[in-house]
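Biologist: I'm new to this one. Could you walk me through it, a question at a time?

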Amino acid sequence: MIFFPDDFLWGAACASYQCEGVWNEDGKGPNIWDDFCHEYKGHRIRHDETGDMACDFYHRYREDIALMKAHGIQAFRFSISWARIYPDASGRVNGAGVQFYQDVCDELLHSGIEPMVTLYHWDLPSWIQERGGWQNRQIVEWFGVYARTMAEALKGRVRKYMTVNEPMCIANNGHGIGVFAPGYKLDVEKLVRIFHYVALCHSEAQRQIKAVDPSAQVGLACNGRMLYPEKDTPENREAVYRRTFDLHENWTEGYNTVPDSLIFRRWDPSIPEGVRRFADTIPSSDWEAMEKPDFLGVNLYGGGMVDEAGNDIPFPTGGPRTANRWPITPEIMHYGIAAIYRRYGLPIYITENGISCNDRVFLDGKVHDPERIDFLHRYLTELYKAIQEGVPVKGYLQWSIMDNFEWASGYEERFGLVYIDYQTLERIPKDSFAWYKQVIKSNGTSLNEIP
Ligand code: BGC
């Protein structure tokens, strides 16, 4: 019988560049995603799309929050556009930007919804990029100043912060394989340094937030390789654990790159030689500066199966996949999450989980998305198994509250609970949102019934 803990927090998430629009008004400065989309027309973003308008959340947030309230959403995770706050290198704070996020928080709070703030979801101000971006260690200081400004502005409104979203994508996707802004392909030494700066940024931001508001809870949202066992035996679970955090192969893809630095103050011994060369030069003062987060956010979508020896078992031919061809593997919600808790022993929030579907408006004017309902049902059922085993999962933030700009895939991938008509910006709640409302209302007991 599925029944989630009484204080479990049910919510949904989105990020500034993906939904806000209004890229060059109200004092906002440009950021690397504005530049990336504008500069690389023709080959970087599907259909040359940009986040210039996105969902126009900047103007329509009241309507969006009203929909959240009507569907019983308890927490909304959103990110702040750094370049709306610090538009240029002068150090001047853009009051309109601060006001916007205060207004969003107030609207949420009046609607009985807890704001959960991510400080950095990939939209680095262009003035920082011009000074080397993530390759310039001064980013730690700049990020600390920004974190303090936001903590002061949002004190009394926000209790949970995530400093950064997905170190793996910041470093690897943006600077390793170059599919995300700023689109670089750097060597290992430069990449590993970026991971280190991300860990230092988290730590500095955590200190600054706590200095302003000691009661604030500070974490970060990470992703990485997620695995599940072929058979539920102790040996096979051990293999899952070992392989999940083994950085020997594909070291940038481990969930543990940054959390290990923050919590254990070291890189995992399995790192390849090139990474070790840098790791060995990290001064002890850097390790001492690492701050252990209050909670860990986990973003998870699809994963892989391993056998008892830790070998990958290939995904079955014709197996279930999402519209963007990611494998559907609900078991990672159970075993992947259990492995993360075993390693770090910290409370966990599922900060992202969801599915891209080929959603469209049907003849009856509604958006029917049974695939999303089935996906969420399966993943939440597995999440409950982790909770039953004693993993302190505190909340679940579905990705995403609305369809939005899916980075290099533009608007073609739809992850939302709310459908966006990008021609009119009309919002249409999908069937899955009504379904999720029941899950929230029943605190998960509705998951006991299979439709
Ligand atoms: C990111 C989101 C993104 C989602 C789906 C996560 O990696 O944090 O911004 O939209 O996955 O791709």
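Modeller: Sure, starting with a term: helices (H or I, at least four residues) and strands (E, at least two) are DSSP runs, numbered from the N terminus. This is a predicted model, where local features need pLDDT of at least 70 and side-chain atom pairs count only at pLDDT 80 or more, while totals for chains, interfaces and linings use all residues. Residues are numbered from 1 along each chain as its sequence is written, and side-chain values use heavy atoms, with hydrogens and water left out.

Biologist: The peptide bond from Ala181 to Pro182 is cis, so where does Pro182 lie?

Modeller: That bond has an omega near 5°. As for Pro182, its place is the loop between helix H8 (167-175) and helix H9 (188-212).

Biologist: And which loop holds Ser400?

Modeller: Ser400 also follows a cis peptide bond, the one from Trp399, with omega near 15°. Its loop runs between strand S11 (393-399) and strand S12 (418-420).

Biologist: Is Trp407 buried or exposed?

Modeller: Trp407 lies in the loop between S11 and S12, and has a positive phi of about 45° although it is not a glycine. Buried means under 20% relative accessible area, exposed over 50%, and partly exposed in between (1.4 Å probe, protein chains only). With a relative accessible area of 4%, Trp407 is buried.

Biologist: What about Glu166, buried or exposed?

Modeller: Glu166 is not a glycine, yet has a positive phi of about 55°. Its place is the loop between strand S4 (160-165) and H8. At 5% relative accessibility, Glu166 counts as buried.

Biologist: Which element gives the largest share of the lining of the largest pocket?

Modeller: On a 1 Å grid over the protein atoms alone, a pocket is an open set of points with protein on both sides within 12 Å along at least five of seven lines, while a cavity is a set where a 1.4 Å probe fits but cannot get out; lining residues have an atom within 4 Å of a point. Grid points are joined across faces, edges and corners, and a volume is the space filled by probe spheres set on the points. The largest pocket has a volume of about 1200 Å³, and of its 48 lining residues, the closest to the centre are Met168, Asn223, Gly224, Gly302 and Trp326. The largest share of the lining, 4 residues, comes from H8.

Biologist: Which strands stand at the edges of the S6-S8-S9 sheet?

Modeller: Two strands pair if DSSP finds at least two bridges between them. Here 3 strands form an open sheet in the order S6-S8-S9, with mixed pairing; S8 and S9 pair in the antiparallel sense over 2 bridges. Each edge strand has a single partner, so one side of it is left without a neighbour in the sheet, and those strands are S6 and S9.

Biologist: How many of the 8 residues of helix H11 (residues 257-264) are buried?

Modeller: Among the buried ones are Thr257, Asp260 and Leu262. The buried residues of H11 pack against H8, H9, strand S5 (217-222), helix H13 (284-288), strand S7 (295-299) and helix H14 (332-344), where contact means heavy atoms within 4.5 Å. H11 is largely enclosed by the rest of the structure, because the number of its residues that are buried is 7 of the 8.

Biologist: Which residue follows H11?

Modeller: The residue there has a positive phi, near 55°. It is Arg265.
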